[in-house]
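Reader: I have a chain loaded and would like to go through its contacts, backbone and overall form. Can we take it one question at a time?

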Amino acid sequence: EEIFKPGGAKKWKLHIFDMDKQKEVVLEETISSFTLSDNAERIIVRRGGDLFTASVADAYQNKAVAGTVKLTDMLYHVDYQQEWNQIFTDTWRWYRDFFYDANMHGRDWNAMGTFYRAYIPSLQSREDLNWLLSQMVGELCVSHTYVGGGDAGPLTAPTSPVFTGMLGADIQPDAKAGYYRLATIYGATAYNADLKGPLARPDIRVKEGDYLLAINGTPLRVPTDFWKLLQVTAGQKVRVTVNERPTLEGARTYEVIPVRNEQQLRYHRWIADNIAHVTKASDGKLGYMHINAMGAGGVGEFDKYWRAFRYKEGVIIDVRRNGGGWTEYFLIDKLERKVTSYNVLRNMVPFRYPGTAGNGNYVVISNENNGSDGEAFVDHFKARKLGTVVGVPSWGGLVGILNGQATIDNGTVHQSNNAFFGADGKWIVENHGADPDIVVDNDPGSMNAGKDAQLDAAIKEALRKMETAPFKFAPMPPYPKK
């Protein structure tokens with residue numbers, strides 16, 4: 001992929017071939033990317049953040065492109081109405097040429113272009129143009145019609161170095177004591193040991209339930225707004241005073257560095273809590289995993305939990321809030337693997353082969369926030385009859401995207417160009433979602449372990465399958481004799 005769309009690293013060797021001489025030369029310096037002029041007589045190359053240009057003939061002769069292009073004094077003028085018309089035309093044309101359905105979902109695409117183009121003279125900003133383009137492509141009633149970016153102009157709001165720091169904890173008022181308590185402290189878990197939380201450190205003696213009595217020496221009593229005491233810059237330390245009791249007597253003060261975002265700390269604690277809940281509710285018989293997206297990271301997470309839990313009597317695979325991607329079949333491949341033989345080493349009990357084969361008792365949890373390739377996983381899982389799906393229909397967006405076109409001002413326009421239909425000849429998922437086998441909805445905000453109806457229903461279904469139709473490997477044959 002990087003050959004056609006380099007990632008920017010200065011690591012490529014440029015080859016120039018002379019058709020008349022039937023000879024190739026290789027430029028001596030590595031480059032990041034290159035472009036030829038329209039008449040193919042000149043070349044411009046990028047090396048890191050610098051640009052260089054020369055004639056192709058000189059580059060071939062000297063094996064180098066050395067003419068520096070200075071952009072510091074470059075000045076250009078833009079007629080926004082003309083530019084916006086060009087961007088509009090490009091977007092309309094890209095959809096005409098690349099949208100997966102040549103019939104444009106029954107819409108008269110010429111008429112759509114004429115109708116929406118009439119609004120361009122009244123636009124006041126590049127953001128208005130993105131809104132207009134979104135309205136036009138929205139007429140197709142399909143997913144992945146992403147329009148964004150572009151030249152918003154030279155004026156940007158200054159960014160403040162100050163942000164509201166977070167301590168990686170749930171801070172709750174204790175009305176009776178009149179102080180705040182650290183109800184939950186977030187940090188490393190047994191499954192993600194590299195996470196770091198401001199208060200989850202071996203050199204800090206603080207635990208869940210302790211009182212947060214002061215920040216930077218300012219006493220903290222209910223209902224004081226503690227967030228105003230956590231306005232910090234990157235890397236700035238604050239002093240927190242804590243105690244097991246609601247009193248400053250015997251309290252301890254530590255210096256910590258608040259974080260800008262607690263999302264990963266909270267997310268991985270949620271996974272660890274779910275694993276603990278599933279383990280307890282099933283008496284250790286079931287495993288649990290959550291797959292957040294269908295990309296390299298999601299495959300890595302699946303493989304980690306698959307290695308940990310594939311020998312359990314059942315595995316719950318949670319794809320709620322899955323952001324999609326393009327790797328769901330990696331997961332299906334693992335789930336479909338069957339034992340074909342047995343592996344033996346001297347002085348060891350024979351074990352099944354391939355070792356990556358599971359036991360066949362799988363339950364998937366899906367909800368309305370599972371999208372794109374996460375929905376393809378659910379549909380694929382059901383089509384292969386690999387187990388039961390619990391939850392509610394998913395997002396309903398499976399006409400995906402394989403490329404995004406860049407506008408003249410560095411905006412991006414995606415065309416929904418990759419649709420799916422099933423073996424029965426019917427379109428799948430789009431504008432409907434992947435359906436569960438067992439419909440269970442959660443009350444808003446009730447996805448914490450112990451209050452998660454969908455998770456509890458998945459546990460119940462996995463245990464039921466274990467009792468009523470337990471999966472068993474074929475009996476191991478006797479140890480063969482030589």
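Reader: Which residue's side chain meets Lys 334 in a salt bridge?
Author: The model is predicted. In it, the N to O distance of this salt bridge is 2.9 Å. Lys 334 sits in helix α7 (residues 328–336) and its partner in helix α6, so the pair ties together parts 31 residues apart in sequence. The partner of Lys 334 is Asp 303.

Reader: Is Lys 334 buried or exposed?
Author: Buried means under 20% relative accessible area. Lys 334 has 13% relative accessibility. Asp 303 has 22%, so Asp 303 counts as partly exposed. Lys 334, by contrast, counts as buried.

Reader: Which residues do salt bridges with shared partners join into one network?
Author: By the distance rule, the count comes to 25 salt bridges. Some of them share partners and form one network. Its members are Arg 205, Lys 207, Asp 210, Glu 244 and Arg 252.

Reader: How many residues apart in sequence are the parts that Arg 126 and Asp 409 tie together?
Author: The two side chains meet in a salt bridge at 2.5 Å, N to O. Arg 126 belongs to helix α4, and Asp 409 to the loop between β22 (404–406) and β23 (411–414), so the parts tied together are far along the chain from one another by count: 283 residues.

Reader: What is the relative accessibility of Asp 409?
Author: Both partners of this salt bridge fall under the 20% cut-off for buried. Arg 126 counts as buried at 4%. Asp 409 also counts as buried, and its value is 8%.

Reader: Which residue pairs with Asp 97, and is that partner buried, partly exposed or exposed?
Author: Asp 97 and Arg 96 meet in a salt bridge of 2.7 Å, N to O. Asp 97 counts as partly exposed at 41% relative accessibility. The partner has 42%. That makes Arg 96 partly exposed.

Reader: Are the rings of Tyr 191 and Tyr 305 stacked, edge-to-face or tilted?
Author: The count comes to 19 aromatic pairs. In this one, the ring centres lie 6.2 Å apart and the planes stand at 50°. Stacked needs under 30 degrees and edge-to-face over 60. The pair is therefore tilted.

Reader: Where does Tyr 305 lie?
Author: Tyr 191 is in the loop between β10 (179–185) and β11 (211–215), so its pairing with Tyr 305 ties together parts 114 residues apart in sequence. Tyr 191 counts as partly exposed at 32% relative accessibility. Tyr 305 counts as buried at 1%. Tyr 305 lies in helix α6 (residues 296–309).

Reader: Which residues form one aromatic cluster?
Author: Tyr, Phe and Trp side chains take part. The members are Tyr 95, Phe 99, Tyr 100, Trp 109, Phe 421 and Trp 427.

Reader: Which peptide bond has omega near 0°?
Author: Most peptide bonds are trans. The bond from Val 222 to Pro 223 is cis, with omega near 10°. Pro 354, in the loop between β19 (351–353) and β20 (362–366), follows another cis bond. With omega near 0°, that is the bond from Tyr 353 to Pro 354.

Reader: What is phi of Met 104 near?
Author: Most residues other than glycine have a negative phi. Met 104 has a positive one. Met 104 is placed in the loop between α2 and α3 (109–117) and counts as buried at 4% relative accessibility. Its phi is near 50°.

Reader: In which loop is Cys 141 found?
Author: Cys 141 has a positive phi too, near 55°. The loop runs between α4 (126–138) and β7 (147–149).

Reader: Which residues make the nonpolar surface patch of about 520 Å²?
Author: Tyr 80 is one of the members. Tyr 80 lies in helix α2 (residues 80–98) and counts as partly exposed at 38% relative accessibility. The full set is Leu 71, Met 74, Tyr 76, Val 78 and Tyr 80.

Reader: What is the radius of gyration of the protein chain?
Author: The chain has 9 helices and 24 strands. For 482 residues the globule rule gives 23 Å, and the chain is well over that, so it is more spread out than a compact globule. Its radius of gyration is 29 Å.

Notes:
Residues are numbered from 1 along each chain as its sequence is written. This is a predicted model: local features need pLDDT of at least 70, side-chain atom pairs count only at pLDDT 80 or more; totals for chains, interfaces and linings use all residues. Side-chain values use heavy atoms; hydrogens and water are left out. Patches are made of residues with over 30% relative accessible area and no salt bridge: like charges are joined within 9 Å, nonpolar side chains (Val, Leu, Ile, Met, Phe, Trp, Tyr) within 5 Å. Accessible areas come from the Shrake-Rupley method with a 1.4 Å probe; for residues, only the protein chains shown count as cover. A salt bridge is a side-chain nitrogen of Lys or Arg within 4 Å of a carboxyl oxygen of Asp or Glu. Helices (H or I, at least four residues) and strands (E, at least two) are DSSP runs, numbered from the N terminus. Buried means under 20% relative accessible area, exposed over 50%, partly exposed in between (1.4 Å probe, protein chains only). The radius of gyration is taken over C-alpha atoms; the globule rule is 2.2 Å times the number of residues to the power 0.38. Rings of Phe, Tyr and Trp (its six-membered ring) pair if their centres lie within 6.5 Å; planes under 30 degrees apart count as stacked, over 60 as edge-to-face and the rest as tilted.
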